[in-house]
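User: Please take a close look at one part of this model. Start with the local backbone, then work through to the core and the ligand.

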Amino acid sequence: MILPGVERPGVEAFARRKREGTPIVMATAYDFATARLVDAAGLDAILVGDSLGMVVLGHDDTLSVTVDDIVHHARAVRRAATHTMMIADMPALSYESPEQAVANARRLLEEGGADAIKLEGGMRMATTVRTLVAAGIPVQGHIGLTPQQVRALGGWRVQGRTAEDATLILADARALEEAGCFSIVIECVPALVAAHVTSSLQIPTIGIGAGPDTSGQVLVLHDLLGLTPDPLPRFVKRFADMTTVAIDALTRYREEVLTRAYPAAEHVYDMQEAEWRRFLHQSSDGGTPMNRDELKGKGEQLKGRAKQAVGDLTNDEQMRNEGAADEVRGEVQEGFGRARRKIGEKVEEIGERLKD
Ligand code: KIV
């Protein structure tokens, strides 16, 4: 999905940033609304990660995410990510052979609109990476804690803490660079190991739980915005507490609907009095229908009674008083409307008599 007239940084921007020593900033996003935020904040790349399965779809791990899922979400992200590079994750079991990897990666690029794909695994993925790159598909590697192997790794734990494990991580990184990856995500490894790997490679590394000395950082958007519950991994920093903000907004919405404070006059569409009367005449069954003052007055009384009920429940004297005042105001308005209707009926009656 090419967006006409839009210039976005590509994989070459990653290499340039490493050369310049400027950190690369990435976050995940899975839909249009959140991708728009990431795009507006000027991050370098959005990852449509298979963390989708946990963060958005509510699974315990990433294993049930499918290529169709990533394509579906990537398309939404692409519509918002007009300035930001978009990398899409290859889900578990979608790259078991080089041929399968190429077919599924093409779907992520052609149907999902991704600029590049990411896959998990080091040395064992070298042939697949080589095949993808030869097919013109930019590949980001992912080593260290690879969530698709979480069961084989014995859980969500830091990798590369022994000299032997750190040596394997370095070998994985070298194999991916040699196979043609344009960058490598390093997840949950000691900072010293990540720094050493980074300085051993030409291509940039993107850390997540890998300390400050990688070529860039990536975080799961919902973690950094404070939309995921505790406990969070040590490496996550919450840059906002959106959960509190969102629950507070929803609570106020609920309260205002209950007390009929929302929708208020400024949220309501009006109608010309003449059209309203014509409508009432067309739909009435003979008697003169209620006019706007009567209807609005009735609404105000309902709102007042609801406020009083909530005031009684929460022992809120001010709410009770406001409700009583609304009710009285409603009665007055309804009475005024009723009087207007009676006068209208009388005028009509006199008119009819004069005709006779
Ligand atoms: O799926 C994902 O969000 C990821 C990041 C954790 C790097 O792979």
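**Loops, barrel and ligand**

Analyst: Arg260 is found in the loop between H10 and H11. Helices here are DSSP runs of H or I with at least four residues, and strands are runs of E with at least two, both numbered from the N terminus. This is a predicted model, in which local features need pLDDT of at least 70, side-chain atom pairs count only at pLDDT 80 or more, and totals for chains, interfaces and linings use all residues. Residues are numbered from 1 along each chain as its sequence is written, and side-chain values use heavy atoms, with hydrogens and water left out.

Arg260 is not a glycine, yet its phi is positive, about 60°. Its relative accessible area is 43%, so Arg260 is partly exposed. Buried means under 20%, exposed over 50%, and partly exposed in between (1.4 Å probe, protein chains only). The loop between H10 and helix H11 (273-283) also holds Pro263. The peptide bond from Tyr262 to Pro263 is cis, with omega near -5°.

Another cis bond links Asp230 to Pro231, with omega near -5°. Pro231 sits in the loop between helix H9 (221-224) and helix H10 (242-258).

Asn315 has a positive phi too, near 55°, and is a residue other than glycine. Its loop runs between helix H12 (292-314) and helix H13 (317-355). Asn315 counts as exposed because its relative accessibility is 61%.

Now the barrel. It is closed by 8 strands, ordered E1-E2-E3-E4-E5-E6-E7-E8, with parallel pairing. The twist from one strand to the next averages 25°. That angle is taken between N-to-C directions on a scale from 0 to 180 degrees, with axes as lines fitted to C-alpha atoms. Strands pair if DSSP finds at least two bridges between them. In a sheet, pairing runs through backbone hydrogen bonds, either parallel or antiparallel.

Take E3 (residues 85-89) as the central example. In this strand 5 of the 5 residues are buried, so the rest of the structure largely encloses it. Both faces are covered. Met85, Ile87 and Asp89 are buried on one side, Met86 and Ala88 on the other.

E3 pairs with strand E2 (residues 45-48) in the parallel sense over 4 bridges. Met85 of E3 is the bridge partner of Ala45. Strand E4 (residues 116-118) runs parallel to E3, joined by 3 bridges. Ala88 faces Ile117 in E4. From E3 the chain passes through helix H5 (residues 98-110) to E4, a right-handed β-α-β crossover. Right-handed here means that, with the strands pointing away from the viewer, the path from the first strand over the helix to the second runs clockwise.

Further round, strand E5 (residues 139-144) and strand E6 (residues 183-187) run parallel and share 5 bridges. Gly144 stands opposite Glu187 in E6.

E3 also leads to the ligand. The ligand is surrounded by 13 residues, and the closest are Gly49, Asp50, Ser51, Asp89 and Lys118. A residue counts as near if one of its heavy atoms lies within 4 Å. Polar contacts to the ligand are pairs of N or O atoms within 3.5 Å. A side-chain N or O atom of Ser51 is 2.5 Å from a ligand oxygen. For Asp50 the side-chain distance to a ligand oxygen is 3.1 Å. Asp89 brings a polar side-chain atom to 3.1 Å from an oxygen of the ligand. On its own the ligand has 260 Å² of accessible area, and the protein covers 96% of this. Those areas come from the Shrake-Rupley method with a 1.4 Å probe.

Methods: A polar contact is a pair of N or O atoms within 3.5 Å; within protein, one must be able to donate a hydrogen and the other to accept it, and residues adjacent in sequence count only if both atoms are side-chain atoms.
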